[in-house]
Amino acid sequence: MAVEAIALPERTRATLWSAVLFLAAVLFAGGMIKTVFSPLQEAAKLDLKLSDFAISLVQGLATGAPIALVSIPLAWVIDHGRRVRLLIALFAVCVVGTFWTVFATSLVSLFLARMLSALGASCAVPVVISLVADLCRPDQRGRAMVVLGFGAAAGAAAAFVLAGALLTLLAVHPIAALGGLAPWRGTHLLLGLAGTILLFPLFFLREPTRHEVEQQTTALGPTIQALWAKRAFLFPLFAGQIGISMADTAASIWATPVLIRSYHVQPTAFAGWLGAILLVAGLLGSVLGGYGADFGHKSGRRGGLLVAAVIATALGIPTALFPVMPSIGGFQLMIFFLLLSGATTVVVASTAVAVLIPNEERGACMAVFSVISSIIGVSLAPTIVTLGSTLMGGERFLAPALAATGLVTGVISLAGYILAMRNAPRSATQWR
């Protein structure tokens with residue numbers, strides 16, 4: 001059955017939770033496809049004879065730079081075009097990249113394949129946020145972001161669990177139909193097939209009515225000017241979230257190599273509990289962030305919506321030491337709270353944009369953030385870790401380099417969120 005948005009008066013229109021849940025399922029699928037390479041990257045590195053630096057390019061530059069290039073035109077479509085059609089196209093690109101990964105034979109082909117997967121999955125996120133903002137009443141958007149956070153967190157967690165299970169299954173019981181593919185390649189092939197099937201329900205989703213439109217112009221220039229006028233709030237907000245993005249990106253990419261090299265455990269042994277940590281931290285962080293944002297916003301205090309982000313970031317800074325813990329137990333505890341902090345702040349930041357930025361500027365706002373985050377947070381974070389380990393003496397210093405990166409970015413995030421809280425408006429209608 002098609003999911004259709006019904007235009008209702010601003011104070012009485014209902015939140016269409018069925019559509020919100022469906023879009024959360026889309027984020028689940030995209031998150032799983034995008035993340036599944038992380039627990040498999042050591043196997044791919046050995047198969048293709050790559051270095052840590054090469055892997056950092058595949059996991060960083062390949063996933064971040066293309067997003068930066070398309071973010072601005074993507075923003076225009078989000079704010080003024082057909083968002084559902086865009087979402088279908090992006091998910092299709094994600095699936096194509098997954099199939100290409102199966103047959104990658106070099107750094108270049110793997111780089112391009114992962115670029116497509118990450119481009120489709122990552123660019124779908126602001127599209128979904130924009131759709132959900134128009135499917136919900138303003139006072140329920142925080143809770144809607146919780147649901148989206150559930151989907152994204154569950155997808156990332158499922159990627160680790162599924163990768164560990166399929167690595168074991170395909171290694172012990174190869175599937176003849178896969179033609180003797182290496183287990184990491186076979187895993188991507190099966191996910192690509194599942195993604196193809198999941199494409200079809202998207203065609204039953206209908207475009208929702210836009211709400212809270214401050215101006216009707218479709219020109220990008222006035223929108224950018226309007227965002228520039230909000231720079232005292234947006235710049236520190238972006239800085240806070242970029243720091244968190246750098247820490248979480250580096251942790252998610254290099255946790256697997258650290259476990260294999262420093263703690264001498266294999267993906268089949270840790271995929272289950274690491275996936276569980278990702279899931280619980282993501283779900284709990286989404287709840288804390290969503291309800292914390294709603295509670296702070298209802299308090300009526302200037303910047304109250306961002307209080308939860310400030311607290312979560314401050315508590316998360318010492319957890320960046322997870323790679324240098326003396327035991328697996330310490331690693332597990334610290335990375336759990338690091339990911340919990342990150343999940344909380346992501347939901348709070350998304351809610352801040354959905355609540356405090358006018359409708360026709362939200363897509364552009366998320367696009368500008370995506371450009372900056374993709375260049376600094378996603379593209380550079382993995383490579384910064386490898387450069388740090390090189391300066392320390394080589395790949396064997398990956399763990400302390402990862403810890404140092406997390407500490408520095410955590411401090412930057414805390415400063416950004418505090419300043420954004422001080423400069424925040426009370427609502428999207430109080431900028432003028």
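1. Let's start with helix α11, residues 307–316 of this predicted model. Its buried residues are A308, A309, V310, A312, T313 and G316. Among the elements that cover these buried residues are α9, α10 (267–298), α12 and α14 (398–423).

2. A308 is a handy residue to click on in α11. With a relative accessible area of 15%, A308 counts as buried, because the cut-off for that class is under 20%. Leaving aside residues up to four places away in sequence, A308 touches G292, T344 and V348. For a sense of scale, A308 and P358 are 50 residues apart in sequence, and their C-alpha atoms are 22 Å apart in space.

3. Two of the helices that help cover α11, namely α9 and α12, also pack against each other. Helix α9 spans residues 231–262 and helix α12 spans residues 328–356; their angle is about 150° and their axes are 10 Å apart. Angles over 145 degrees count as roughly antiparallel, so that is the label for α9 and α12. Their crossing is left-handed.

4. If you would like to trace that contact on screen, α9 contributes F233, L237, Q241, I244, D248, A251, A255, V258 and L259. From α12 come I328, F331, I335, L338, G342, A343, T345, V346, A349, A352, V353 and L356. By class, the residues of this contact are 17 nonpolar, three polar and one charged.

5. Now for the nonpolar cores. The largest has 69 residues, and the members touching the most other members are L87, F233 and L237. Helix α5 (residues 107–135) supplies the largest share of this core, with 10 residues. A second, separate core has 47 residues, including L110, A251, W254 and I277. The contact of α9 with α12 is worth another look here: F233, L237 and A251 all take part in it from α9, with F233 and L237 belonging to the largest core and A251 to the second one.

6. A further helix pair to check is α6 (residues 141–172) with α7 (residues 183–199), which pack at an angle of about 120° with axes 9 Å apart. That angle makes α6 oblique to α7. The crossing of α6 and α7 is right-handed.

7. On the α6 side, the contact uses L162, A163, L166, L167, L170 and A171. On the α7 side, the partners are P183, W184, G186, T187, L190 and L191. The contact of α6 with α7 holds 10 nonpolar residues, two polar ones and no charged residues.

Terms used
Residues are numbered from 1 along each chain as its sequence is written. This is a predicted model: local features need pLDDT of at least 70, side-chain atom pairs count only at pLDDT 80 or more; totals for chains, interfaces and linings use all residues. Side-chain values use heavy atoms; hydrogens and water are left out. Axes are lines fitted to C-alpha atoms, for helices over the stretch in contact, and angles run from 0 to 180 degrees between N-to-C directions. Helices (H or I, at least four residues) and strands (E, at least two) are DSSP runs, numbered from the N terminus. Angles under 35 degrees count as roughly parallel, over 145 as roughly antiparallel, 65 to 115 as roughly perpendicular and the rest as oblique. A crossing is left-handed if the near helix is turned anticlockwise from the far one by less than a right angle, and right-handed if clockwise. Contact means heavy atoms within 4.5 Å. Ala, Val, Leu, Ile, Met, Phe, Trp, Tyr, Cys and Pro count as nonpolar, Asp, Glu, Lys and Arg as charged, and the others, Gly among them, as polar. Buried means under 20% relative accessible area, exposed over 50%, partly exposed in between (1.4 Å probe, protein chains only). A nonpolar core is a set of buried Ala, Val, Leu, Ile, Met, Phe, Trp, Tyr and Cys residues joined through side-chain atoms within 4.5 Å.
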